[in-house]
Amino acid sequence: FTLYCMKRTITLSLLFCLALMAAAQERVDKPIRELNNPKSKKVLVVAHRGDWRNWPENSIPAIESVIRMGVDIMELDLKLTKDSVLVLCHDKTIDRTTSGKGRVCDITYDSIRRCKLRRAHNVVTDDLRMPTLREALEVCKDRIVVNIDQGYEYYDLALAVTEELGVTDQILIKGKRSTDAVAAKFAEHPRNMMYMPIIDILKPQGRELFEEYRKSEKQPLAYEVCWDEYTPEVEACMKRIVDGGSKLWVNSLWPSLCGGLNDDRAFRGETEEVYGRLLDMGATIIQTDRPELLIRYLESKGRRG
């Protein structure tokens with residue numbers, strides 16, 4: 001009888017672990033399916049540098065926090081240290097985000113690890129350090145899609161890390177490279193991350209890049225569109241994207257990226273005027289500095305199911 005109980009306990013524990021693993025895998029598989037489904041009306045929420053209002057930006061706790069919130073995509077930035085270690089950092093220097101000073105490219109990884117991260121209000125933390133890409137992806141594996149914003153220049157190094165960890169399929173990298181440049185880079189590897197072009201549609205180079213991608217045989221799964229004023233040209237660009245079968249990514253971060261439809265306005269009570277307007281434009285991916293606020297709004301509109 002004792003042996004039977006032991007076997008039953010082990011079996012139940014194993015089944016419980018398998019159920020948890022399946023649930024975790026579904027958590028990341030679902031937004032990946034949404035990214036590849038232009039007909040879906042669900043809006044994916046992207047957390048800009050993690051939960052930087054409560055934790056240092058691009059830090060492990062900031063990532064863990066947005067995962068707990070139910071965010072779909074974690075946006076991060078990469079820099080390369082003097083000894084070729086990829087770390088999470090937006091700026092070229094560590095001055096703003098850590099207790100140290102200097103350009104990331106001039107500092108070794110060990111030296112950067114001696115510096116403590118700063119919170120948004122310039123307060124130095126007690127023990128938080130700048131994470132490597134590897135450390136961040138170990139946290140994100142099977143839990144959240146990762147968007148590498150600044151970092152395409154390190155594509156080969158980043159891909160080596162994602163392949164080793166088995167997370168390549170959940171990484172979305174973006175940039176302003178031409179179709180030929182991206183195709184050539186992807187041809188160098190048997191497997192690649194997802195790629196999304198960034199379109200500054202009101203700038204000549206942005207318009208040229210958009211036309212180039214629109215003429216390509218295979219359309220990107222999504223376009224990120226940036227604009228500082230909503231014009232007929234911006235409206236036409238967005239319509240072509242949606243009608244062409246790609247997802248439309250917009251940023252509600254600051255006015256110059258979204259024509260004034262930014263998070264601070266939403267936080268002051270203009271959620272409908274900001275997020276509602278972005279939805280009317282056809283946005284199905286929104287990068288935000290206020291993920292909890294955006295999630296609550298989308299849930300109230302039935303756009304998170």
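Q: Buried means under 20% relative accessible area, exposed over 50% and partly exposed in between, with a 1.4 Å probe on protein chains only. What percentage of the residues of the protein chain count as buried?
A: This is a predicted model, in which local features need pLDDT of at least 70 and side-chain atom pairs pLDDT 80 or more, while totals for chains, interfaces and linings use all residues. Residues are numbered from 1 along each chain as its sequence is written, and side-chain values use heavy atoms, without hydrogens and water. Among the 305 residues of the protein chain, the buried share is 50%.

Q: How many helices and strands does the protein chain have?
A: Both kinds of element are DSSP runs numbered from the N terminus: helices are H or I with at least four residues, strands are E with at least two. Counted this way, the protein chain has twelve helices and ten strands.

Q: Why does the protein chain count as compact as a globular protein of its length?
A: The globule rule, 2.2 Å times the number of residues to the power 0.38, gives a value to set beside the radius of gyration, taken over C-alpha atoms. For 305 residues the rule gives 19 Å, and the chain is close to that, so it is as compact as a globular protein of that length, with a radius of gyration of 21 Å.

Q: In what order do the eight strands close into a barrel?
A: Two strands pair if DSSP finds at least two bridges between them. In this barrel the pairing is parallel. One example is β9 (residues 247-251), joined to β10 (residues 285-288) by three bridges, with valine 250 opposite isoleucine 286. Going round the barrel, the order is β1-β2-β5-β6-β7-β8-β9-β10.

Q: Which strands does helix α7 touch as it packs on the sheet?
A: Contact means heavy atoms within 4.5 Å. Angles run from 0 to 180 degrees between N-to-C directions, with axes fitted to C-alpha atoms, for helices over the stretch in contact. Helix α7 (residues 204-214) makes about 140° with the direction of β7. The strands that α7 touches are β7 (194-200) and β8 (222-226).

Q: At about what angle does helix α12 run to β1?
A: Helix α12 covers residues 291-300 and lies across β1 (44-48) and β10. Its angle to β1 is about 170°.

Q: Which residues of α2 are buried?
A: Helix α2 spans residues 60-69 and is mostly covered, with seven of its ten residues buried. Just after α2, glycine 70 takes a positive phi of about 95°. The buried residues are Pro61, Ala62, Ile63, Ser65, Val66, Ile67 and Met69.

Q: Why is there no bond between the sulfur of cysteine 115 and the closest cysteine sulfur?
A: A disulfide is a pair of cysteine sulfur atoms within 2.5 Å, and the whole structure has zero disulfides. Cysteine 115 counts as buried, at 13% relative accessibility. Its closest cysteine sulfur, in cysteine 89, is too far for a bond, at 11 Å.

Q: How far is cysteine 140 from the nearest cysteine sulfur?
A: Cysteine 140 is buried, with a relative accessible area of 0%. This cysteine is in no disulfide, and the distance to the nearest cysteine sulfur, that of cysteine 89, is 17 Å.

Q: Which side chain makes a polar contact with the side chain of asparagine 192?
A: A polar contact is a pair of N or O atoms within 3.5 Å; within protein, one must be able to donate a hydrogen and the other to accept it, and residues adjacent in sequence count only if both atoms are side-chain atoms. Asparagine 192 is found in the loop between α6 (179-186) and β7 and counts as buried at 19% relative accessibility. Its side chain reaches the backbone oxygen of phenylalanine 186 at 3.0 Å. The side-chain partner, at 2.7 Å, is tyrosine 155.
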